[in-house]
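Q: I am new to this structure and would love a close look at a single part of it. Could you pick one helix pair and walk me through what surrounds it?

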Amino acid sequence: MTSDQAAPREPGPLRLGDRSFGPGDRLVMAIVNRTPDSFYRPGITWDEGAALARVDEVVAEGADLLDVGGVPAKPGQEVTAQEEIRRVVPFIAAVRAAYPDLVISADTWRHDVGRAACQAGANLLNDTWGGWDPKLPDVAAEFGAGLVCSHAGGLPPRTRPFRVWYDDVVADVLDTVLGLAGRALRAGVDPARIIIDPAHDFGKNSWHSLEITRRLTELTATGWPVLLSASHKDFVGETLGAGIEERLAGTLATTAVAAWQGARVFRAHDVALTRQALDMVAAIRGDLLPVRMVRGLT
Amino acid sequence: MITSAAVVPSPPLLARDLTGREVVLPELRQACAVAVGRLLARPADIVVVVGAGPQTTVWEPDGRLDLSAWGPTVGSRGGPATAGKPGLPLAVGLGVALLDEAGQVGPRLLQAIDGTATVASCLAVGAELASLGPRVALLVVGDGSARCTPASPGYFDERAEAFTADVEAALRDGDMAALAGLDATLAAELMATGRAAWQVLAGAIGPQRRVPGDMLYADAPFGVSYLVAILDPALAHCCPAVPEEAPT
């Protein structure tokens with residue numbers, strides 16, 4: 001660890017917007033993409049009406065926060081900052097109007113998009129591309145928003161890993177995310193609003209993603225809240241030989257393993273099932289009361 | 001002398017913490033609370049709890065149920081402290097919990113009765129309890145057959161219907177001779193864990209007596225016969241004694 005990195009901390013409340021979530025809470029972050037071409041079920045919320053209906057749905061299913069993105073992670077047609085704002089910001093404003101208390105995350109690496117999103121009511125900036133734009137933490141600080149500090153292996157946004165290797169991928173993840181968290185703290189981001197994310201598949205092959213899943217306790221042991229973003233990703237597909245529509249079981253298994261190791265935020269396409277998987281883990285851990293127990297007790 | 005008696009069942013789910021977020025069988029819980037309230041309404045020098053246990057013995061009066069035996073994480077979350085002592089047998093412990101919930105504060109005697117005890121020894125234990133003082137309140141904790149339906153823990157036994165009807169009638173009518181006459185072998189085969197405690201009740205009130213009874217709950221929502229009743233021996237002078245001899 002270098003002196004620029006955030007130090008390990010005691011687990012504490014995670015603050016998002018006006019909400020505060022304890023270390024034992026497990027949050028579902030529902031994905032609502034304002035893109036025509038994201039990797040999983042592309043375009044299903046491209047239409048604004050469909051996207052707003054999806055918000056109603058995921059809120060009813062128990063989502064704790066939304067993650068709104070306007071640019072797919074994969075390479076493809078350029079999406080300018082102006083176009084990203086056009087896709088995301090009016091939508092965030094509409095959601096904010098409909099749900100005054102809902103926590104909204106903007107999935108962006110660009111500070112100008114982040115700024116517009118916060119002005120429209122976003123509470124969290126999900127910087128999946130690992131701090132590519134150094135001005136993003138300043139925006140989070142300015143608006144009192146949260147910041148997700150991710151490991152993308154140093155790759156530029158929207159690029160794929162090419163023969164990427166690490167002496168120790170978990171050590172590299174820790175170096176990066178704690179470094180980004182340190183930068184966020186120096187920028188003035190509220191420490192209770194900083195999340196770290198190993199970012200499965202980003203700058204990693206699938207072996208690397210399995211490794212960070214297996215050793216997630218090394219991240220949770222830092223005390224910083226850990227985000228798991230694994231939903232339907234390629235490492236699940238490659239591990240199971242499963243096509244894009246066949247990765248739900250693998251996603252939920254990854255979710256359970258990460259939850260068991262103390263991850264606190266779960267970025268998910270399947271909100272109700274993720275909620276159920278997390279509740280099951282929470283009950284097994286003894287953090288959540290079961291709904292109704294009578295078997296053998298009658 | 002027994003001045004009042006209440007009969008309640010002993011499913012672990014009566015311990016509120018064991019059922020999770022939902023309150024299970026609120027109507028049964030309510031009936032138990034009413035029965036204990038009526039039991040305690042009549043002045044008594046001591047309240048005796050009797051329920052089945054691994055052997056016939058008196059437990060220390062400050063004993064409690066250790067819920068961790070049924071719900072390990074529930075026990076570790078707290079609940080009534082057992083202070084390192086072994087927890088009470090289920091039926092006795094649930095009776096104590098009902099007394100605690102009702103706010104009972106006076107002297108207690110916690111009597112476990114071996115679930116396989118003979119009729120004669122149950123009656124003898126009951127007689128001994130009745131002699132504890134001039135005013136003894138008796139809380140009898142025990143269940144009917146756990147073989148009432150195919151969904152029952154013990155599956156279905158067709159003999160359970162008549163057995164359950166007999167017990168219900170005996171409690172409703174305050175017919176101690178009928179309770180004393182229950183067949184221990186049949187009760188065991190029907191998984192009626194309350195048989196021994198009911199016969200302690202008969203011995204305590206008098207195995208030939210008939211006393212006013214009031215049934216507050218009689219149902220088998222999970223295929224186990226739960227009965228909640230109040231018996232009022234203090235009013236017995238209004239009722240004719242049963243002429244038969246006590247069973248031997």
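A: Here is a walk through one helix pair in chain A, followed by some of its surroundings and a glance at chain B.

Please keep in mind that this is a predicted model. Our starting point is helix H9 of chain A, which covers residues 248–260. Its partner is helix H10 of chain A, made of residues 271–285. The two helices pack at an angle of about 35°, and their axes are 9 Å apart. The crossing of H9(A) with H10(A) is right-handed.

Which residues make this contact? From H9(A) come A:Leu252, A:Thr255, A:Ala256, A:Ala259 and A:Trp260. H10(A) answers with A:Leu273, A:Thr274, A:Ala277, A:Leu278 and A:Val281. Sorted by class, the contact of H9(A) with H10(A) holds 8 nonpolar and 2 polar residues, with no charged ones.

Now stay on H9(A) and find A:Ala258, which also sits in this helix. A:Ala258 counts as buried because it has 29 C-beta neighbours inside 10 Å, and the cut-off for being buried is 20 or more. Leaving out residues up to four places away in sequence, A:Ala258 touches A:Thr213, A:Leu216, A:Leu228 and A:Ala263. The chain also brings A:Ile212 into this neighbourhood: A:Ala258 and A:Ile212 are 46 residues apart along the chain, yet their C-alpha atoms are separated by 9.6 Å.

From H10(A), we can step across to a strand. A:Val28 belongs to strand E3 of chain A, which runs over residues 27–33. Not counting residues up to four places away in sequence, A:Val28 touches A:Thr274 and A:Leu278, among others, and these two residues are also part of H10(A)'s contact with H9(A). Other residues that A:Val28 touches include A:Gly62, A:Ala63, A:Asp64, A:Phe266, A:Ala268, A:Val271 and A:Arg275. Is A:Val28 buried or exposed? It has 23 C-beta neighbours inside 10 Å, so it counts as buried. There is a link across the sequence here as well: the C-alpha atoms of A:Val28 and A:Glu61 are separated by 9.8 Å, with their positions 33 residues apart along the chain.

Chain A has another helix pair to set beside this one. Helix H4 of chain A (residues 136–143) and helix H5 of chain A (residues 169–187) pack at an angle of about 45°, with axes 8 Å apart. That angle makes H4(A) oblique to H5(A). Their crossing is right-handed. A:Pro137, A:Asp138, A:Ala140 and A:Ala141 of H4(A) meet A:Arg183, A:Ala184 and A:Ala187 of H5(A). By class, this contact of H4(A) with H5(A) has 5 nonpolar residues, no polar ones and 2 charged ones.

To finish, turn to chain B. The largest nonpolar core has 91 residues, and those touching the most other members are B:Leu138, B:Leu139, B:Val140, B:Ala197, B:Val200 and B:Leu201. Apart from that core lies another of 78 residues, whose members include A:Leu252 and A:Val271. We met A:Leu252 in the contact of H9(A) with H10(A), and A:Val271 among the residues that A:Val28 touches.

Key. Residues are numbered from 1 along each chain as its sequence is written. Chains are lettered from A and ligands numbered from 1 in the order in which they are written. This is a predicted model: local features need pLDDT of at least 70, side-chain atom pairs count only at pLDDT 80 or more; totals for chains, interfaces and linings use all residues. A nonpolar core is a set of buried Ala, Val, Leu, Ile, Met, Phe, Trp, Tyr and Cys residues joined through C-beta atoms within 7 Å. A residue is buried if 20 or more other C-beta atoms lie within 10 Å of its own, exposed if 12 or fewer, and partly exposed in between; C-beta atoms are placed from the backbone. Helices (H or I, at least four residues) and strands (E, at least two) are DSSP runs, numbered from the N terminus. Two residues are in contact if their C-beta atoms, placed from the backbone, lie within 7 Å. Axes are lines fitted to C-alpha atoms, for helices over the stretch in contact, and angles run from 0 to 180 degrees between N-to-C directions. Angles under 35 degrees count as roughly parallel, over 145 as roughly antiparallel, 65 to 115 as roughly perpendicular and the rest as oblique. A crossing is left-handed if the near helix is turned anticlockwise from the far one by less than a right angle, and right-handed if clockwise. Ala, Val, Leu, Ile, Met, Phe, Trp, Tyr, Cys and Pro count as nonpolar, Asp, Glu, Lys and Arg as charged, and the others, Gly among them, as polar.
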